[in-house]
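Here is a short tour of one structure, helix by helix and then out to the loops. Keep the viewer open and follow along.

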Amino acid sequence: MSSGTQNPFKAITAAERREIDRTRDEEIEGLPEHLRLRVKAVPAPQRALHLRVVTGKASARLAIKAFCQECIGFDNAEIGRCSARSCRLWSLRPYQPKAAPAD
Ligand code: SF4
């Protein structure tokens with residue numbers, strides 16, 4: 001690969017990860033208290049998504065995903081198995097099992 005081209009699939013380095021985490025921490029610290037406490041309560045692997053949602057930088061689809069994660073305890077597999085059919089988001093929730101093919 002030439003020196004001027006970046007490989008988009010290259011794994012990020014530990015230093016890059018620290019920089020991303022530091023930037024997120026700074027963003028979180030700048031939030032109003034009620035949002036800061038809420039985002040800090042999100043498990044680390046899912047915190048970036050919730051930060052995007054509360055700062056208005058996420059799509060409706062991602063906002064639904066974040067809402068479902070918070071509702072069901074941050075277990076993505078459980079979102080797909082959610083049985084609360086009366087919930088207005090039920091048909092829109094992520095991780096739904098694939099429908100069986102029609103015969
Ligand atoms: S679809 Fe299920 S997991 Fe998602 S918000 Fe509704 S009740 Fe919660």
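## Starting on helix α1

A good place to begin is R17, which sits in helix α1. This is a predicted model, and in it R17 is exposed because just 11 other C-beta atoms lie within 10 Å, where a count of 12 or fewer qualifies as exposed. For a sense of distance, take A58: R17 and A58 are separated by 41 residues in sequence and by 21 Å in space, C-alpha to C-alpha.

The rest of the helix has little cover too. Of the 16 residues of α1, the number that are buried is one. The geometry of α1, which runs over residues 14-29, is regular in length: at 1.5 Å a residue it should span 22 Å, and its end C-alpha atoms are indeed 22 Å apart.

## The nonpolar core

Which residues make up the largest nonpolar core? There are five: I28, L51, V53, V54 and A66. Helix α3, covering residues 44-54, contributes the most to this core, with three residues.

A66 is worth a closer look. Setting aside residues up to four places away in sequence, A66 touches L49, H50 and V53.

## Helix α4 and its buried face

Helix α4 has 13 residues, and the distance from its first C-alpha to its last is 18 Å, close to the 18 Å expected at 1.5 Å a residue. Its buried residues are K65, A66, C68 and Q69. Viewed down the axis of α4, these buried residues fall within an arc of 165°, so they line one face of the helix. As background, an α-helix has 3.6 residues a turn, so residues three or four places apart point the same way.

What covers the buried residues of α4? The cover includes α3 and also α5, at residues 76-80.

## Around the ligand

Now turn to the ligand. Its shell is formed by F67, C68, C71, I72, I79, C82, A84, C87, L89, W90 and R93. Helix α4, residues 60-72, supplies the largest share of that shell, with four residues. C68 therefore appears both among the buried residues of α4 and in the shell around the ligand.

By character, the shell has 10 nonpolar residues, no polar ones and one charged residue.

## Positive phi angles in the loops

Right after α4 comes G73, with a positive phi near 95°. F74 also has a positive phi, about 65°, although F74 is not a glycine. As a rule, most residues other than glycine have a negative phi. F74 is placed in the loop between α4 and α5, and it counts as partly exposed because it has 17 C-beta neighbours inside 10 Å.

Further along, Y95 is another non-glycine residue with a positive phi, in this case near 60°. Y95 belongs to the segment after α5 and is partly exposed, given 15 other C-beta atoms within 10 Å.

## P94, back beside α4

P94 is likewise found in the segment after α5. Is P94 buried, exposed or partly exposed? Its 15 C-beta neighbours inside 10 Å make P94 partly exposed.

Which residues does P94 contact, leaving aside its neighbours within four places in sequence? They are K65, C68 and I79. K65 and C68 are among the buried residues of α4, and so is Q69. P94 and Q69 are 25 residues apart in sequence, while their C-alpha atoms are 9.6 Å apart in space.

Methods:
Residues are numbered from 1 along each chain as its sequence is written. This is a predicted model: local features need pLDDT of at least 70, side-chain atom pairs count only at pLDDT 80 or more; totals for chains, interfaces and linings use all residues. A nonpolar core is a set of buried Ala, Val, Leu, Ile, Met, Phe, Trp, Tyr and Cys residues joined through C-beta atoms within 7 Å. A residue is buried if 20 or more other C-beta atoms lie within 10 Å of its own, exposed if 12 or fewer, and partly exposed in between; C-beta atoms are placed from the backbone. Helices (H or I, at least four residues) and strands (E, at least two) are DSSP runs, numbered from the N terminus. Two residues are in contact if their C-beta atoms, placed from the backbone, lie within 7 Å. The expected span of a helix is 1.5 Å times one less than its number of residues. A residue is near a molecule or strand if its C-beta atom, placed from the backbone, lies within 6 Å of it. Ala, Val, Leu, Ile, Met, Phe, Trp, Tyr, Cys and Pro count as nonpolar, Asp, Glu, Lys and Arg as charged, and the others, Gly among them, as polar. The arc is that of the directions from the helix axis to the C-beta atoms.
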